[in-house]
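Me: I'm new to reading protein models, and I'd like a close look at one part of this one. Please take me through it slowly.

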Amino acid sequence: MATETSTSAATGNWVESYTGMSTDNIKGLVLALSSSVFIGTSFIVKKKGLRKAGASGVRAGVGGYSYLYEPLWWAGMITMIVGEIANFAAYAFAPAILVTPLGALSVIISAVLAHIMLKEKLHIFGMLGCVLCVVGSTTIVLHAPQEREIESVAEVWDLATEPAFLFYATVVLAATFVLIFRCIPKYGQTHIMVYIGVCSLVGSLSVMSVKALGIALKLTFSGMNQLIYPQTWLFTVVVVACILTQMNYLNKALDTFNTAVVSPIYYTMFTSLTILASVIMFKDWDRQNPTQIVTEMCGFVTILSGTFLLHKTKDMVDGLPPTLPIRISRHTDDNGYGAEGIPLRSAAEGIPLRSPRAAE
């Protein structure tokens, strides 16, 4: 009898610790997962549209715009926009440490759909990479911190103007200006970390601003108008500036270097810096014990391992190692596609800003 009582008590404690996810966290989780599905699917649909358009007109890879008349490509673009909107909304409900790493799940969606719809081979180690991403994501979800209760955008502004985050933002901006004005003219075409560094540093600030703007809109829709605060519009300006900067330098990176090399490095740097920024600004770890923090970091490392493994083996055929030069090849095959089976990067493909999903 005593044994049954102790077992029931232990079970009750386990349930309390693992079903304590708040309603906002659950909403953010569902939005982040749906975002991954939409965005992962969008790249396959757009790719099929580009192939179909290229078969009857000038290919996008050589400067053509026939894809603009292809309904399939537009279907992919609309799907991606829906996914990005869902991702934007997810940051309004859940902490960045939960939402951002889940972006890796779109890599799985793209890889699986490419295997099914585009007949691209998924190596067994790529399958293992998918499993690692799922395991890491599950670990983070189960141990993610609760979303901080915020009642106005002014409160977010107070968090953003605390000394710790101001110091972080100052360091990020200083490093970004050094990279843009000193390093890119000399090393931009030869060192992959230069462009990716700019994208990742600016990206961490853009996510914090997106989250602030998302919270303001969420509160406004719930009846507490936040549009009357100047901070809301300042965060909006920061979001636009950061997104334009990210888009510019991410496109430069993808145009200069091999996508399979850019994607995992960008995902690692962008996600790591975003988590760091969120921990500093929103103090996510203050609401967690050391065990939860270490477990989250283990989950993140597991996702990184899966992402690198999936990208590293994406071109393996029959056990042969992939040949992945760091710099992108300027030559294409007869269909206008490079050795990786993807068209040369162009504005037609649409580059998402929160993760390297465009690689798929």
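Which side chain does Lys218 meet in a salt bridge?

Reply: Happy to help! Please keep in mind that this is a predicted model. The side chain of Lys218 meets that of Asp24 in a salt bridge, with 3.7 Å from N to O. Lys218 belongs to helix α9 and Asp24 to helix α2 (residues 23-56), so this pair ties together parts that lie 194 residues apart in sequence. How open are the two partners? Lys218 has a relative accessible area of 23%, so it counts as partly exposed. Asp24, at 22%, is partly exposed as well.

Let's step back for a moment to see where these helices belong. The chain has twelve helices and zero strands. Of its 360 residues, 50% are buried. Among contacts with a separation of 6 or more, 82% join residues that are 24 or more positions apart. The salt bridge between Lys218 and Asp24 is one of four in the structure.

Now follow each helix in turn, starting with α2. Helix α2 also holds Lys52, which is linked to Glu70 in the loop between α2 and α3 (71-93), 18 residues apart. The side chains of Lys52 and Glu70 meet in a salt bridge of 3.9 Å, N to O. The partners here make a nice contrast: Lys52 is exposed because its relative accessibility is 51%, whereas Glu70 is buried because its value is 10%. The cut-offs behind those words are simple: buried means under 20%, and exposed means over 50%.

Next comes α9, the helix of Lys218. The largest nonpolar core has 75 residues, and Val156, Phe165, Met208, Met281 and Phe282 touch the most other members. Helix α9 (residues 192-221) gives the most to this core, with 17 residues. There is also a second, separate core of eight residues, including Phe43, Ala53, Met77 and Met80.

Met281 is a good residue to click on in the big core. Leaving aside neighbours within four places in sequence, Met281 is in contact with Val156, Leu159, Ala160, Phe165 and Met208. One of these partners, Phe165, is among the buried residues of helix α8, as are Tyr168, Val172 and Leu179. Helix α8 (residues 163-187) bends by about 40 degrees at Leu179.

One more salt bridge is worth finding. Glu162 pairs with Lys283, and their closest N and O atoms are 2.4 Å apart. Glu162 sits in the loop between α7 (153-160) and α8, and Lys283 in the loop between α11 and α12, so many positions along that the pair links parts 121 residues apart. Glu162 is partly exposed because its relative accessibility is 29%, and Lys283 is partly exposed because its value is 22%. Lys283 also has a positive phi of about 55 degrees, although it is not a glycine.

Finally, turn to the surface. The chain exposes about 16600 Å², and carbon and sulfur atoms supply 70% of that area. A nonpolar surface patch is formed by Ile124, Phe125, Met127, Leu128, Val131 and Val135, with about 540 Å² of accessible area together. Val135 lies in helix α6 (residues 124-143), and it counts as partly exposed because its relative accessibility is 43%.

How values were computed: Residues are numbered from 1 along each chain as its sequence is written. This is a predicted model: local features need pLDDT of at least 70, side-chain atom pairs count only at pLDDT 80 or more; totals for chains, interfaces and linings use all residues. Side-chain values use heavy atoms; hydrogens and water are left out. Patches are made of residues with over 30% relative accessible area and no salt bridge: like charges are joined within 9 Å, nonpolar side chains (Val, Leu, Ile, Met, Phe, Trp, Tyr) within 5 Å. Accessible areas come from the Shrake-Rupley method with a 1.4 Å probe; for residues, only the protein chains shown count as cover. Helices (H or I, at least four residues) and strands (E, at least two) are DSSP runs, numbered from the N terminus. Buried means under 20% relative accessible area, exposed over 50%, partly exposed in between (1.4 Å probe, protein chains only). The bend at a residue is the angle between axes fitted to the seven residues ending there and the seven starting there. A nonpolar core is a set of buried Ala, Val, Leu, Ile, Met, Phe, Trp, Tyr and Cys residues joined through side-chain atoms within 4.5 Å. Contact means heavy atoms within 4.5 Å.
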